[in-house]
Amino acid sequence: MQLLLQDQADLIVKASRRTVQPAIDALTQSGMTEAQVVLERWQSKELWRSETSGLFVFAEEIDRDTIRIFDVADGQEIATVADDEFDQLKPNSGVRRLIGAALVRFQLTDPDPVVRATALDAIARNAEEGQLDILREVMTQEADPALIVRMTRLERLLTIEFGETDDERIAAINGFAGDLGVDVRAVLNPLVATRVLARDAPDYLPKTGDRDIQPGERGLTIEAAYQLAVDAGLSAPVMTRQERRDILVANLSDGSVGGLPAGRLDNEEDRDAAYQALITQGLASESVAPIRLGEIAFYYRYVERFVAAPLPVALAAEAVLEDIEAKVAFAGFADLALDGVSLASIYFLAAIGLAITFGVMGVINMAHGEFIMMGAYTGYVVQLFIPDHTLSIIVAIPLAFAVTFGAGVAMERLVVRWLYHRPLETLLATFGVSIALQQIAKNIFGTQARPLTAPDWLDGSWALNDVISISYIRIAIFVLALLFLALFLFVMNRTRLGLEVRAVTQNPRMAASMGINPDKINMLTFGFGSGIAGIAGVAIGLYAKVTSEMGQDYIVQSFMTVVVGGVGNIWGTLLGASLVGTMQKGIEWLNPSNTLAAQTYMILFIILFIQFRPRGIIALKGRAAEA
């Protein structure tokens with residue numbers, strides 16, 4: 001290694017970006033394992049050279065006058081010496097970049113695939129021209145299929161930027177047709193940069209690739225278009241009336257301006273004449289009044305010209321970008337639809353319990369959101385005793401159902417049962433219970449948000465591409481909503497309890513005459529609906545803040561979901577949740593800066609919807625319809 005450095009000593013000591021490459025190549029092609037260390041230490045300014053012997057060493061500074069030197073071959077410490085005898089080699093930024101490109105070769109051929117993957121990440125973040133040939137060389141030696149795919153993609157991206165010929169750049173560009181990767185758009189967008197030029201309309205002969213553009217098209221305003229004409233020397237600058245008046249005042253002499261008496265300059269026509277006289281006398285420059293701006297701007301011809309790449313390359317990039325943008329728009333719509341379905345599943349979970357109690361019993365339960373809150377806090381308490389997040393969620397779901405089922409039964413026995421067929425009193429009473437439950441939660445858990453941590457396997461998101469993605473927690477909630485839909489259908493259609501509930505729903509008096517106890521069914525139904533709300537609270541708490549007021553964030557949407565879908569009908573609740581969820585996401589997409597406005601518009605839409613279909617999408621006959 002020392003001999004090799006001595007052979008390249010002149011290039012290393014007097015390193016510059018233009019001359020140092022042969023020395024770097026000699027190191028990288030030497031086959032010595034020490035070459036990578038030498039390059040790294042050289043890049044970090046830790047390579048020194050003795051003034052007397054000319055030997056190269058590694059060195060670290062001990063103080064301002066003393067250094068500790070090491071052998072370049074094996075890194076062994078040699079001695080501690082005065083720094084006066086050695087010169088520190090300080091490569092400039094250009095040389096360091098060349099060294100960095102050479103180090104990439106070592107990293108891309110490292111036996112550890114993690115190191116090779118890290119090198120690819122570094123190239124993707126800050127690509128340089130010299131890395132293209134290195135990447136092409138090591139691609140033929142790579143054995144890992146996943147890394148081969150990454151190398152191939154990165155090689156095409158670098159070819160677009162640094163390819164030697166237009167043909168290979170165009171081939172690489174066409175290879176990305178329909179690719180939704182952000183990295184592809186980041187490389188292609190600079191290639192289609194354009195510049196708008198103003199030309200004299202009658203005489204201009206356009207160049208190949210020039211495209212006409214009119215003021216008002218593709219972001220070219222009338223003011224900007226006219227300024228282009230001014231910059232090209234085709235037209236005079238715009239002058240305001242005040243600026244023209246100041247020039248007239250400045251040229252006032254012996255009671256006249258430009259040969260016109262000052263007393264006559266009380267109208268625009270005479271002031272224009274006076275200003276024109278000043279132009280003739282060489283005392284003022286040509287100008288245009290703002291009122292004529294649009295008229296004159298359209299006289300000139302404006303052309304758009306590619307300025308960042310040769311025309312064939314720019315046209316190929318533009319065609320691929322148009323194809324990509326069309327697919328991005330479709331993917332964006334699909335992503336919005338996924339968000340809507342995800343939000344709909346959350347609203348369905350939150351509303352399914354309310355649909356049961358409201359539909360079967362006709363009870364307007366304003367405390368339904370607090371059962372969601374109780375379920376979330378149950379999950380939090382379970383995690384205090386069970387640190388395993390997966391096991392804690394498995395335990396929390398049935399426990400939350402049990403806790404809120406019991407709370408729902410207690411509420412029905414103590415409050416609701418005395419208020420049947422009196423909806424206004426029920427609303428007020430349950431609203432009072434809601435406030436009381438919030439205060440109890442504040443007294444127990446405080447006002448700060450409590451964490452309900454999701455298991456590690458729910459971290460992150462499932463990404464189909466760089467546009468469409470959905471978090472694993474949302475997917476889990478969607479699956480949970482489907483499970484509860486199936487559970488509800490099974491209970492209502494395959495069990496005696498479901499049969500009795502349907503009987504009480506359709507005709508409570510006839511059900512009672514057949515030996516069914518409506519009072520017991522009401523109690524179990526209310527408890528069942530409350531228990532489902534508790535499980536919804538565990539699911540919602542995995543991604544939302546767990547506070548005493550969290551139920552208030554879902555009570556309005558839950559009622560809207562039930563009313564829009566059809567009171568007491570599970571399929572109506574599902575359709576209502578889908579409509580409300582997708583509608584809210586759609587409005588938020590149109591007005592992303594104001595989610596409160598989105599909710600307001602959604603409520604207005606629901607009000608209008610109810611005017612035309614007061615019983616919801618799927619109307620239920622029986623007691624729910626009467627309610």
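**Exercise 1.** Over the ring of which residue does the charged end of R474 sit, and how far is it from the ring centre?

*Solution.* The model examined here is predicted. In it, the charged end of R474 sits over the ring of Y543, at 5.1 Å from its centre. A second arrangement of this kind involves R417, whose charged end sits over the ring of W418, 4.8 Å from the ring centre.

**Exercise 2.** Determine how many aromatic pairs the whole structure holds, and classify the pair formed by F401 and F405.

*Solution.* Step one: a search of the whole structure yields five aromatic pairs. Step two: the ring centres of F401 and F405 lie 5.9 Å apart, and their planes meet at 25 degrees. Step three: planes under 30 degrees apart count as stacked, so the pair F401 and F405 is stacked. Step four: both residues belong to helix α17 (residues 389-414), where they are four residues apart and therefore separated by about one helical turn.

**Exercise 3.** Are F401, F405 and F528 buried, partly exposed or exposed?

*Solution.* The cut-off for buried is under 20% relative accessible area, and for exposed over 50%. F401, at 25% relative accessibility, counts as partly exposed. F405 has a relative accessible area of 26% and is also partly exposed. F528, with 16%, is buried.

**Exercise 4.** Classify the pair of F401 and F528, and state which helices the pair ties together.

*Solution.* The ring centres of F401 and F528 are 6.2 Å apart and the planes stand at 75 degrees, so this pair is edge-to-face. F401 lies in helix α17, while F528 lies in helix α22 (residues 518-541); the pair therefore ties together parts that are 127 residues apart in sequence.

**Exercise 5.** Which residues do ring pairs link into a cluster with F445?

*Solution.* Ring pairs join F445 with Y377 and Y380 in a cluster.

**Exercise 6.** Describe the largest cavity by its volume, its lining and the character of that lining.

*Solution.* Step one: the count comes to one cavity of 30 Å³ or more, and the largest cavity holds about 50 Å³ of space. Step two: its lining consists of I356, F488, V491, M492, L497, V501, T525 and F528. F528 thus appears here again, having been met above as the edge-to-face partner of F401. Step three: two or more lining residues come from each of α19 (472-494), α20 (496-506) and α22. The largest share, three residues, is given by α19. Step four: the lining divides into seven nonpolar residues, one polar and no charged.

Definitions and conventions: Residues are numbered from 1 along each chain as its sequence is written. This is a predicted model: local features need pLDDT of at least 70, side-chain atom pairs count only at pLDDT 80 or more; totals for chains, interfaces and linings use all residues. Side-chain values use heavy atoms; hydrogens and water are left out. Rings of Phe, Tyr and Trp (its six-membered ring) pair if their centres lie within 6.5 Å; planes under 30 degrees apart count as stacked, over 60 as edge-to-face and the rest as tilted. Buried means under 20% relative accessible area, exposed over 50%, partly exposed in between (1.4 Å probe, protein chains only). A charge sits over a ring if NZ of Lys or CZ of Arg is within 6 Å of the ring centre and within 35 degrees of the ring normal. On a 1 Å grid over the protein atoms alone, a cavity is a set of points where a 1.4 Å probe fits but cannot get out, and a pocket is an open set with protein on both sides within 12 Å along at least five of seven lines; lining residues have an atom within 4 Å of a point. Grid points are joined across faces, edges and corners, and a volume is the space filled by probe spheres set on the points. Ala, Val, Leu, Ile, Met, Phe, Trp, Tyr, Cys and Pro count as nonpolar, Asp, Glu, Lys and Arg as charged, and the others, Gly among them, as polar.
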